[in-house]
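Hi everyone, thanks for making room for me today. I'd like to walk you through one protein, piece by piece, so have a look at it first.

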Amino acid sequence: AEDRRARGGVFLVDVDFSLSAGLLRTLSHPAAVAAVGRAGKVAVVPALEVLEEGAGLPLMWGEAVEMIQAGRAEGFHTGHFPAGHSPTDFARLCSAPSPSTPAEAWERAYEVRYEKWYEPYVLMPTEDVPLYDDRFTGYGMNKISHLASVAFHKGASAFVVLPGTFVVSPQHARSEAWHRIYGCNTDDSHYRRVCLRALYHSFQRDLAAGTPPSLANATAALVLHHNEEARARDGSSGAPAGCVMEDGSGSSSGRRVAPATAVREEDVPSGAAVAKAGVVVARRIAVGVRARALAHV
């Protein structure tokens, strides 16, 4: 397993973020292989949000610090949802000298503990990336639940922050999906909030019990395909520990497939059904992780 982890990693980041100068060079540095590939650490790339409308996005860490100190930028969403990124410790980042080389960035990486609701953008071994739980469709809790799963399997102290690196996004208007859940005080929005809280509670209970994530049939089909390719390549599945199949409505059918290497042809839909679910399929990479924007290193 350690050999497979050392083969590469995957960087999970939202597609609307810009990368700091030299980020991919840092993430692909030999020190990353040691820290992430061999030691199995989860490397946190700090996420920033530019608050000033029309302002350009910083490329260098020095520029980013100046904007933060001037109140023109901050840790992503820390103004209204601090739990999401505050554990990254932006005060520590801003007060420390900026690393001059990728090797120095890895040398200065510091450990942070996972806390509830923490949802950083991370580099981790491809082999260790858990599946997303497909019950979280649309807006709300999908990334939070995924990072909770990462912390459960890797440990709360596995997270290390890479100083001098960052991803950044301009502040933008709330989406229609957000407004449907949180932006109004109607019976419908209240119902959606209650359902989302209940679903996350169920997810936490399943995670603590060791129950694999629930997968849509299209995702399970991709897991099967990934298993077959992996077996053909090197005789090992390289796949997650298991999954729970869902019916077409998105609710769990209770048909568990565990381990994932045991997914059978009869457990997945036909090729036509998978093609019909192309929007869902397009949002997964071969191991079933949502392809928000994945940079392989």
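I'll begin with the whole chain, then go through two groups of strands, one helix in detail, and a few single residues.

Okay, before anything else: this is a predicted model. The mean pLDDT of the protein is 79, with 75% of its residues at 70 or more. There are places to be careful with, though. Over residues 237-243 the pLDDT is below 50, and beyond near neighbours in sequence that stretch has 30 contacts in the model. Then there's 245-297, where pLDDT stays under 50 as well; here the model has 124 contacts beyond four places in sequence. So much for the caveats.

Now the big picture. We've got 12 helices and 13 strands in this protein. It has 297 residues, and buried ones make up 47% of them. How do the contacts spread along the chain? If you take the contacts with a separation of 6 or more, 77% of them are between residues 24 or more positions apart. As for the outside, the protein exposes about 14,100 Å², and carbon and sulfur atoms supply 53% of that.

Let's go to the first group of strands. Here we have an open sheet of 4 strands, and if you read across it the order is β2-β9-β4-β5, with mixed pairing. Which strands stand at the edges? They are β2, residues 18-19, and β5, residues 73-75; each has a single partner strand, so one side of each is left without a neighbour in the sheet.

What does "mixed" look like here? Follow β9, which is residues 167-170. With β2, β9 runs antiparallel, and 2 bridges join them. In that pair, L19 stands opposite V167. With β4, on the other hand, β9 runs parallel, joined by 4 bridges. There, E49 has S169 of β9 as its bridge partner.

Next, please find helix α4, residues 61-69. It lies across β4, which is residues 47-50, and β5, and it runs at about 55° to β4. Which residues of α4 are buried? They're W61, A64, V65, M67 and I68. Now imagine looking straight down the helix axis: those buried residues of α4 fall within an arc of 165°, so they line one face of the helix. And what do they pack against? The buried residues of α4 pack against β4, β5 and also α5, residues 90-95. Go round to the other side of α4 and you find E66 and Q69, which are exposed. One more detail: just after α4 comes G71, with a positive phi of about 80°.

On to β3, residues 42-45. V42 and V44 point one way from this strand, A43 and V45 point the other way, and all are buried. What does β3 pair with? One partner is β8, residues 159-161, in the parallel sense over 3 bridges. In that pairing, the bridge partner of A43 is V160 in β8. Another partner is β7, residues 121-125, this time in the antiparallel sense, over 3 bridges. Here V44 stands opposite V122 of β7.

Last stop: a few single residues. In helix α9, residues 187-209, you'll find V194, and R193 is in α9 too. Is R193 buried or exposed? R193 has a relative accessible area of 15%, and buried means under 20%, so R193 counts as buried. Leaving aside residues up to four places away in sequence, R193 touches I181, Y182, C184 and N185. V194 comes out at 35% relative accessibility, which makes it partly exposed. The C-alpha atoms of V194 and I181 are separated by 9.7 Å, and the two residues are 13 apart along the chain.

Finally, T219, in helix α10, residues 217-234. T219 has 0% relative accessibility, so it counts as buried. Which distances go with T219 and D134? In sequence they are 85 residues apart, while in space they are 8.4 Å apart, C-alpha to C-alpha.

If you take one picture away, make it α4: buried residues lining one face, packed against β4, β5 and α5, with E66 and Q69 exposed on the other side. That's me done, thanks for listening!

Definitions and conventions. Residues are numbered from 1 along each chain as its sequence is written. This is a predicted model: local features need pLDDT of at least 70, side-chain atom pairs count only at pLDDT 80 or more; totals for chains, interfaces and linings use all residues. Side-chain values use heavy atoms; hydrogens and water are left out. Buried means under 20% relative accessible area, exposed over 50%, partly exposed in between (1.4 Å probe, protein chains only). Contact means heavy atoms within 4.5 Å. Accessible areas come from the Shrake-Rupley method with a 1.4 Å probe; for residues, only the protein chains shown count as cover. Two strands pair if DSSP finds at least two bridges between them. Axes are lines fitted to C-alpha atoms, for helices over the stretch in contact, and angles run from 0 to 180 degrees between N-to-C directions. The arc is that of the directions from the helix axis to the C-beta atoms. pLDDT is the predictor's confidence in each residue, from 0 to 100.
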